[in-house]
Amino acid sequence: MTRSNWAWAVAGVSFIALIGAAAFRATPGALIEPLQEEFGWSTATIGFAVSVNLMLFGVTAPFAAALMERFGVRRVVACALTLVAIGSGLTVFMTTSWQLVLLWGVLVGLGTGSMALAFVATITGRWFVRHRGLVTGVLTAGGATGQLVFLPVVAALAESSGWRSASVLVTVAALAVVPLVLLFLREYPADLGVPPYGGDAVVPRPTATGGAAKRAVTALGAAARTRQFWYLAGGFAICGATTNGLVGTHFIPAAHDHGMPTTTAANLLALVGIFDIVGTILSGWLTDRVDSRVLLGAYYALRGGSLLVLPQLFGDSVHPSMLVFVIFYGLDWVATVPPTVALCREFFGVSAAVVFGWVFAAHQLGAAFAATAAGLARDHFGNYAPAWYVAGGLSITAAVLSMRVRGSKARPGGPGDPTGDLAAQRAGG
């Protein structure tokens, strides 16, 4: 392999690693009913385990980004995939709900959190100058591809061979990626004596300073004093609530409430994953060309409208109107990521990956809240309709927040300030 191809090789291995970590993302929605049948757990109980997972998935991200700077991407990613495998594999032996929370929630949450979108921001920030937005979109689509690949298989295995077979599949998928990560993932272009792709000069490898936890907290403290951070974090919290937390966790049982077979609903969610890939890559391409605020405002507003009409589309079979929703919603699912990463890079300079980790933490806190709240709504009202309506209204609120992200740009690499010219941000924000 020539040195000029290493950026694309690193991106390729990162994409495969994200698919391996995303294998677990396919399991909760497809396994809620099998777990209820075997253990008698309520939707809210299982939703709480998913909420713990989603919360740790987010809160771990900024610390994982700092750990990648301190100890290297390769070590952190390999350990993260191993944690996902252990957490999923041990579920075959569980007998009580607290074990579900420990394994699904804590272990898998820590593992997937270390492989979250802050990892994408780290890779694209180090290895690419040209096509950075596009590559961000492609890597973000890795999670959608994982859902696409595993969700129908997980649903079919759970129905034919039991939910334990599905858990073992996730374990095997995560472990299979570890050797590729150890062999081919590289840290910085400077290690190979080459510039980032599209760059003109070799960028020296930065010197690690301080502990990872201190780096993550310091970046948060500086970013939290700007309005831009809170607008981005608020919008992304709503993004998480309306995707991973609500649709990703509860779409399958909601469809089943209307008489739709679980495997059919799983195939619809996988179809969302197909169009998610297209939408996210297109969003990355647009992010290189269009104002990111405009993109986010449009994405959130359109998502809100689609969720407001969703309750009328469910039925015992798939109608054309539901297919239209699936295509539309899939194009929008994580299209928000490339412009959000771009705005973090614009306002927070060299700390963009760590700050985006905190913005992503807000995303997952929103997802965790929605996973539990939607389960409680289903248990209380007997259906999910209130959850869809609230999510639609919140998405429109996120559109408004996104359009308010204005102010002076950070000065990347500002001396002594991890977020660049913080004073300028305060004045502009």
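1. Histidine 131 is partly exposed, with a relative accessible area of 34%. In this predicted model, histidine 131 sits in the loop between H6 and helix H7 (132–160). Its phi is near 60°, which is a positive value in a residue other than glycine. Anyone setting up the loop should be aware that the backbone there has this value in the model.

2. Overall make-up. The secondary structure consists of 17 helices and zero strands. Of the 429 residues in the chain, 57% are buried. Among the contacts with a separation of 6 or more, 84% are between residues 24 or more positions apart. The chain exposes about 15800 Å², and carbon and sulfur atoms supply 67% of that area.3. Salt bridges, count and first pair. The count comes to seven salt bridges. One of them joins the side chains of arginine 164 and glutamate 38, at 2.7 Å from N to O. This pair links distant parts of the chain: arginine 164 belongs to helix H8 (residues 163–184) and glutamate 38 to helix H2 (residues 27–39), 126 residues apart. Arginine 164 has a relative accessible area of 31%, so it counts as partly exposed. Glutamate 38 is also partly exposed, at 41% relative accessibility.

4. Arginine 126 and glutamate 187. The side chains of these two residues form a salt bridge at 3.3 Å, N to O. Arginine 126 is in helix H6 (residues 117–127) and glutamate 187 is in the loop between H8 and H9, so the salt bridge ties together parts that are 61 residues apart in sequence. Are the two partners buried or exposed? Both arginine 126 and glutamate 187 are buried.

5. Arginine 293 and aspartate 291. A further salt bridge is found between the side chains of arginine 293 and aspartate 291, with 2.8 Å from N to O. Here the two partners fall into separate classes: arginine 293 is buried, at 8% relative accessibility, whereas aspartate 291 is partly exposed, at 31%. The cut-off for buried is under 20% relative accessible area, which is why 8% qualifies for arginine 293. The pair also belongs to a network in which salt bridges with shared partners join Asp291, Arg293, Glu346 and Arg406.

6. Threonine 226. This residue lies in the loop between helix H9 (212–223) and helix H10 (227–257). Its relative accessibility is 2%, so threonine 226 counts as buried. Which backbone atoms does the side chain of threonine 226 reach? On one side, the backbone oxygen of alanine 223 is 2.7 Å from the side chain. On the other, a polar atom of the side chain lies 3.4 Å from the backbone nitrogen of phenylalanine 229. Alanine 223 is the last residue in the range given for H9, and phenylalanine 229 falls within the range given for H10.

7. Threonine 171. This threonine is placed in helix H8. Threonine 171 is buried, with a relative accessible area of 14%. Leaving out residues up to four places away in sequence, threonine 171 touches Ala85, Ser88 and Gly89.

8. Histidine 250. What is the relative accessible area of histidine 250? The value is 0%, so the residue counts as buried. Histidine 250 is part of helix H10. Apart from neighbours within four places in sequence, histidine 250 is in contact with Thr43, Gly245, Ala370, Ala371, Ala374, Gly375 and Tyr384. One of these partners, threonine 43, is 207 residues away in sequence, yet its C-alpha is 9.4 Å from the C-alpha of histidine 250.

9. Packing of H10 against H13. Two packed helices are described by the angle between their axes and the distance between the axes. For H10 and helix H13 (residues 320–332), the axes come within 14 Å and cross at roughly 145°. The crossing is left-handed. On the H10 side, the residues that meet H13 are Thr242, Thr243, Val247 and Phe251. Their counterparts in H13 are Met322, Phe325 and Tyr329.

Definitions and conventions:
Residues are numbered from 1 along each chain as its sequence is written. This is a predicted model: local features need pLDDT of at least 70, side-chain atom pairs count only at pLDDT 80 or more; totals for chains, interfaces and linings use all residues. Side-chain values use heavy atoms; hydrogens and water are left out. Helices (H or I, at least four residues) and strands (E, at least two) are DSSP runs, numbered from the N terminus. Buried means under 20% relative accessible area, exposed over 50%, partly exposed in between (1.4 Å probe, protein chains only). A polar contact is a pair of N or O atoms within 3.5 Å; within protein, one must be able to donate a hydrogen and the other to accept it, and residues adjacent in sequence count only if both atoms are side-chain atoms. A salt bridge is a side-chain nitrogen of Lys or Arg within 4 Å of a carboxyl oxygen of Asp or Glu. Contact means heavy atoms within 4.5 Å. Accessible areas come from the Shrake-Rupley method with a 1.4 Å probe; for residues, only the protein chains shown count as cover. Axes are lines fitted to C-alpha atoms, for helices over the stretch in contact, and angles run from 0 to 180 degrees between N-to-C directions. A crossing is left-handed if the near helix is turned anticlockwise from the far one by less than a right angle, and right-handed if clockwise.
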